[in-house]
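Work through the following exercises with the sequence and the model side by side, and attempt each task before reading its solution.

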Amino acid sequence: MNIATTAAQIGLERETRTGAVTVPIYQTATFRHPGLGQSTGYDYSRSGNPTRQALEEGMARLEGGSRGFAYASGMAAITSLMFLFERGDHLVVTEDLYGGSYRLFEKLFQQFGLSFSYVDTSDVELVRQAIRPNTRALFVESLTNPLLKVADVAALAALCKEKGMLCIVDNTFLTPYLVRCLDLGADITVYSGSKYLSGHNDTVCGLVAVKDAALAEKVYFHQNGAGAVLGPQDSWLTIRGIKTLTIRMERQQENALALALWLKEHPGVGRVYYPGLPEHPGHDLMQRQCTGFGAMIAFEVARPELVERLLMKTRLISFAESLGGVESLITFPKVQTHADIEPETLQRLGINDLLLRLSVGIEDKDDLIADLAQAFA
Ligand SMILES: *Cc1c(COP(=O)(O)O)cnc(C)c1O
């Protein structure tokens, strides 16, 4: 089935008692046992809740994985995946990583004896060179934040297989609609479902899909053991969001291309990073690997004082963190999303005093362009 169908029908099949078309919100902590030593399949909502399960099974179908898992946030999902590793293990990680993931690795998991090397994962050779005898996994963002570097997931997954490492892909910026990383050989995909999957800037959630059933069993053990599960209300909101993922993404991409082309011509703008532009270094790879280019744009303004002007004077586009929702947002990565990364690294990567990031929503593209134009003026 086409992913648009799978997405639209998520959560549809579960309720048999009343035939409710949408999955009910099972707002319950616990479940009555039918007899001694018997279970309905549900015992306690941390271990399993029907609303969450509808989302988790839907995620597994969207990704082509054996199981899906839903967590209280994207960071909770990534935290839970770190329990796959033990003291002394080393991971190779994307260098222009989501700031929260960097903070989690450096400030929280280092103290438990994990170590991390940060490399440009758009270059498979650099990843190969960073692998050590104790490297257990690659943690890669398929499309990076904010500079939109593209990872060759198939090549990286093959390298991981060759080295006996797990390949974990943070596919938040692309979603299974634009690329199915498990099909390309990755072992695990992880998402901040707070972004495109729930899609309305109204829910914080994390999602994971696992290819192999034995690995999925371990991930389940950690999900239940650590307990950072997604509640039934937020599971329901995420299901509701995923139903429209494909049409939202189509519209957002169309808008993003229009905005990127407009920005490129504007005298107040320097570099424009959008992989849908043919001159973007990841354009050809993305054309091969993905079904679209996503809806995130980064761009440099011509002068530092334009940063504050754009953040303050845009009326439709809100100055806010996060991304992927129906409403367009603008942010200043150096200060807002990447403040935890070392200043030298930021400078080297190009996350500087001129760089702004746009998450393009589903509004009318001419209205968005007019909003940017009046802010520049
Ligand atoms: C937002 C984000 C996260 C963290 O997810 P939360 O839901 O905010 O905890 C992780 N990775 C990427 C790429 C993100 O954009």
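**Exercise 1. Determine what a side chain does at the start of helix 8, and whether the helix has the expected span**.

Solution. At the start of helix 8, a side-chain oxygen of Asp212 lies within 3.2 Å of the backbone nitrogen of Ala214, where a polar contact is a pair of N or O atoms within 3.5 Å, one able to donate a hydrogen and the other to accept it. This is a predicted model, in which local features need pLDDT of at least 70 and side-chain atom pairs count only at pLDDT 80 or more, while totals for chains, interfaces and linings use all residues. Residues are numbered from 1 along each chain as its sequence is written, and side-chain values use heavy atoms, with hydrogens and water left out.

Next, the 14 residues of helix 8 (residues 213-226, a DSSP run of H or I of at least four residues) should span 20 Å at 1.5 Å a residue, taken times one less than the number of residues, and the end C-alpha atoms are 20 Å apart, which agrees. After helix 8 comes Gly227, with a positive phi near 85°.

**Exercise 2. Decide whether Lys195 is buried or exposed, and list what it touches**.

Solution. Lys195 sits in the loop between strand 6 and strand 7 (strands being DSSP runs of E, at least two residues). Because its relative accessibility is 9%, Lys195 counts as buried (under 20%, with exposed over 50% and partly exposed in between, for a 1.4 Å probe and protein chains only). Leaving aside residues up to four places away in sequence, Lys195 touches Tyr98, Thr172, Ser322, Leu323 and Gly324 (heavy atoms within 4.5 Å).
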